[in-house]
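Subject: Handing over a structure

Dear colleague,

I am passing on a structure that you have not seen before, and below it I set out what was found. Please have it open beside you as you read.

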Amino acid sequence: MTLFRAQVLDTPDDPFRGGQLRADADAGLLVVDGMIAERGPYADVRREHRGEVVVDLRSGLLLPGFVDTHVHYPQMRAIGALGMPLLEWLDRCALPEEARLADPGYAQEVAGEFVASLVDSGTTTALVFGSHFAPAVDLLFETATERGLRVTCGLVVGDRMLRPELHTTAQRAYDEARELARRWHQNGRTRYAVTPRFSLSCTDELLDSCAAVHEDTAGCWFTSHINENPAEIAKVRELFGCSYLDSYDKHGLVGPNSVFAHNVHPTDAELKLLAATGASVAHCPTSNAALGSGLFPLDRHLSSGVRVALGCDVGAGTGFCLFKEALQAYFLQQLRGPEGVPLTSAHLLHLATSAGADALGLRDQVGDLEVGKRFDAMWLDPSPDTPLAVGLRHADGPADALAKTFALATPHDVHGVWVDGERVKG
Ligand SMILES: [Zn+2]
């Protein structure tokens, strides 16, 4: 049992639906077996629990751990290749790097770098795009388990238009996925996600095998890409003769457990179907800007009732930290002029935490620091001479402090990260 004392900010109620930032200047959070058992003014909680160990975090800010809903493990070393649109970037940068994970020694190193980078950035839960190679996916699950990260991941599959060494068959994809799911699905903090690369690289036969894995693995997740780039969308229409979302939907792959990355150029019919089925969209703004994919129509997602969360989309995205990603989401909406959604710091925190937990079906466990939730948290404690520390000292209230945090914070300012009450950083 541990009593945490801190200034706490979180978003238990969705700010897009009238919820407010919750700010407690001096809160006590009693954590028992990884769960928040009590929360209240520190003095009150302390009075009831005089004997407990107190972790005093008052020099900084305590936030819920970040939930990243789209990030590619094999692209760790491909971050920062600028100046190309999606399909050229895939051919020249991402896919050659993905092919190197055929070597388990190489994959082991990358898995270590990848998981460490997520934890370092304050991310406690992630929906991870795995590798095309089953042993490499195994290594990611193993590494995440060792570091304590909450991870949903799966074997990435494709059977056309990639590199030959990345292609699989419908039967092999099914067998390897089922074996990985047997080992890792609902095992501690890990879950399995069926993961076709994108419908562009998948025949109908392969998507059918994805549907079979999804059906045979109760409670598993589904993730892929959608509507990222106009040239990509045109090719999907040419191959399938239908909209991008319909290329998945005709295989039964669109539902409440589905998370689609990007959706920068959706049709109204696609938004309607996403909302009706309860599927979520992972918005990846640094990636969208780096590849020139476009300005995300958040207003149309919100008015259609589509759930939206954030993903860093490394390696097209430019880093792991959702402070930067959320700030970029804010920038993009500002640049959309009258159609842009003006985002407050509470919206940004929601998108990076509770919205992600909701998209991953984990809202009852993580995403805020309410009683009954797991203690998945990060402690921001910048050095006193940094612009962030100066900003926090002079902030005009909690919402302003949070805005300054999104503008200025980096992983260097994250001094503590906990998952299930276990300290995984610091
Ligand atoms: Zn992606």
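To begin with one pair of helices, H3 passes H4 in a right-handed crossing, where right-handed means that the near helix is turned clockwise from the far one by less than a right angle, and left-handed that it is turned anticlockwise. Please bear in mind that this is a predicted model, in which local features need pLDDT of at least 70 and side-chain atom pairs count only at pLDDT 80 or more, while totals for chains, interfaces and linings use all residues. Residues are numbered from 1 along each chain as its sequence is written, and side-chain values use heavy atoms, with hydrogens and water left out.

Helix H3 covers residues 104-120 and helix H4 residues 134-147, and the two pack at an angle of about 40° with their axes 9 Å apart; axes here are lines fitted to C-alpha atoms over the stretch in contact, and angles run from 0 to 180 degrees between N-to-C directions. H3 and H4 are therefore oblique to each other, a word kept for angles that are not under 35 degrees (roughly parallel), over 145 (roughly antiparallel) or 65 to 115 (roughly perpendicular). Among the residues that make the contact (heavy atoms within 4.5 Å) are Ala107, Phe114 and Val115 of H3 and Leu139, Leu140 and Arg147 of H4.

A second pair is formed by helix H13 (residues 345-352) and helix H16 (residues 398-408), whose axes come within 8 Å and cross at roughly 60°. H13 and H16 are therefore also oblique to each other, but here H13 passes H16 in a left-handed crossing. Their contact is made by Ser345, Ala346, Leu348 and Leu349 of H13 together with Ala399, Leu402, Ala403 and Phe406 of H16.

As for the chain as a whole, it holds 16 helices and 16 strands, these being DSSP runs (H or I, at least four residues, for helices; E, at least two, for strands) numbered from the N terminus. Along its principal axes the C-alpha trace spans about 65 × 50 × 40 Å, and buried residues (under 20% relative accessible area, with a 1.4 Å probe and protein chains only) make up 60% of the 426 residues.

One such residue is Ala261, which lies in strand S11 (residues 258-262) and counts as buried at 0% relative accessibility. Leaving aside neighbours within four places in sequence, Ala261 is in contact with His70, Ser224, His225, Ile226 and Ala282.

With best wishes

Notes. Buried < 20%, exposed > 50% of the residue type's maximum accessible area, 1.4 Å probe, protein only.
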